[in-house]
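Student: Before I rely on any label attached to this model, I would like to see how each one follows from a value and a cut-off. Could we go through them in turn?

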Amino acid sequence: MSNFAGNLIALRTIVRREIVRIMRIWTQTLIPPAITMTLYFVIFGKLIGSRIGNIQGEFTYMQYIVPGLVMMSIITNSYGNISSSFFGAKFQRSVEEMLVSPMSNWVILLGYVTGAVARGLVVGLLVLLIALFFTNLHVAHPLVTILSVLFGATIFSLAGFVNAVYAKKFDDIALVPTFVLTPLTYLGGVFYSVNMLSEPWQAISRINPILYMVNAFRFGVLGISDVQIGVAFGVMMIFVIGLSWLALNLLRRGVGLRS
């Protein structure tokens, strides 16, 4: 059997294991984010949104926040899935077995990232279906919508992988989502247009990568954006390449993985 064929078998095995893990504990991986987003729709979209009126002329506040909330659910679940799953593999010492096996480092990374992206997409689809009970949506640019979702899920899957590599205990997994991911999400234009902010907050928001992911997805769904779409995808591509290089380099050096 060629090395490439062996890598494909290993990749399929890792992806299948991740998918089975997600579905086995679906009450923890799929239901809680769906319930949380439903509360966001009720509180922010219905109660508060009814008092705000239209955003950018033609869209209700509920329609405006749906793309942001969908993207927020995608990136947080992609991040959380891979950080907990890969750290669990570290804790059980199964990562060491993969590192000494014939499989390539890119297979390990791609397998875990694919599983995390899958969870993010499933949760995002659930949230989008829930949103349709509250408002009507028409996808303006389907290709942009799909690409922005894939880029966003991939970026935070890679970030979660890096977090899991450096984590030494389970508490380290919760630090980044609590003190980094949550503030970036709320300052990423999920609930408002960045153009509504005064300086220096508007300038600070524009160095937030989540702003570009949210606005790329919002452009795909609604056709409006606070940033240029070419710039948004350029920023996302830079993060995908940079985080992929970092993750592969950490695997090659065995940082935090080999005892």
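Tutor: What follows takes the labels one by one, beginning with the whole chain and ending with single residues; please keep in mind that this is a predicted model.

Student: What makes the protein chain as compact as a globular protein of its length?

Tutor: As background, the protein chain has eleven helices and two strands, and along the sequence they follow the pattern α-α-α-β-β-α-α-α-α-α-α-α-α. The radius of gyration is 19 Å, which is close to the 18 Å that the globule rule gives for 259 residues, and therefore the chain is as compact as a globular protein of that length. The C-alpha atoms, for their part, fill a box of roughly 60 × 35 × 35 Å along the principal axes.

Student: Which share of the 259 residues is buried, and what does the exposed surface consist of?

Tutor: Buried residues make up 51% of the 259, where the label requires a relative accessible area under 20%. The chain exposes about 12,500 Å², and carbon and sulfur atoms supply 69% of that area.

Student: How far apart are the mean positions of the positive and negative charges?

Tutor: The chain carries 17 positive and 8 negative charges, and their mean positions lie 6 Å apart.

Student: Why is Gly88 called buried?

Tutor: Gly88 sits in helix α4, which covers residues 61–91. Its relative accessibility is 15%, and the label applies under 20%, so Gly88 counts as buried. In space, its C-alpha atom is 23 Å from that of Thr182, a residue 94 positions away in sequence.

Student: Is Asn208 buried or exposed, and how do you know that its side chain makes polar contacts?

Tutor: Asn208 belongs to the loop between α9 (201–205) and α10 (209–222). With a relative accessibility of 3%, set against the limit of under 20%, Asn208 counts as buried. As for the polar contacts, the pair of N or O atoms has to be within 3.5 Å; the side chain of Asn208 reaches the backbone oxygen of Leu184 at 2.7 Å and the backbone oxygen of Leu187 at 3.4 Å, so both pairs satisfy that distance limit. Apart from neighbours within four places in sequence, Asn208 is in contact with Leu184, Leu187 and Gly188.

Student: Why is Ile9 called partly exposed?

Tutor: Ile9 is part of helix α1, residues 3–24. Its relative accessibility is 34%, and because the label covers values between the buried limit of under 20% and the exposed limit of over 50%, Ile9 counts as partly exposed. The C-alpha atoms of Ile9 and Gln56 are separated by 50 Å, with their positions 47 residues apart along the chain.

Student: What makes Leu150 partly exposed?

Tutor: Leu150 is placed in helix α7, residues 142–166. Its relative accessible area is 35%, which is neither under 20% nor over 50%, so Leu150 is partly exposed. Leu150 and Leu121 are 29 residues apart in sequence, and their C-alpha atoms are 8.2 Å apart in space.

Methods:
Residues numbered from 1 in each chain as written. Predicted model: local features only at pLDDT ≥ 70, side-chain atom pairs only at ≥ 80, totals over all residues. Heavy atoms only, no water. Helix = DSSP H or I, 4+ residues; strand = E, 2+ residues; numbered from the N terminus. Rg over C-alpha atoms; globule rule 2.2 N^0.38 Å. Buried < 20%, exposed > 50% of the residue type's maximum accessible area, 1.4 Å probe, protein only. Areas by Shrake-Rupley, 256 points an atom, 1.4 Å probe, with all protein chains shown as cover. Lys, Arg positive; Asp, Glu negative; His and termini not counted. Charge placed at Lys NZ, Arg CZ, Asp CG, Glu CD. Polar contact = N/O pair within 3.5 Å; in protein donor to acceptor, adjacent residues only side chain to side chain. Contact = heavy atoms within 4.5 Å.
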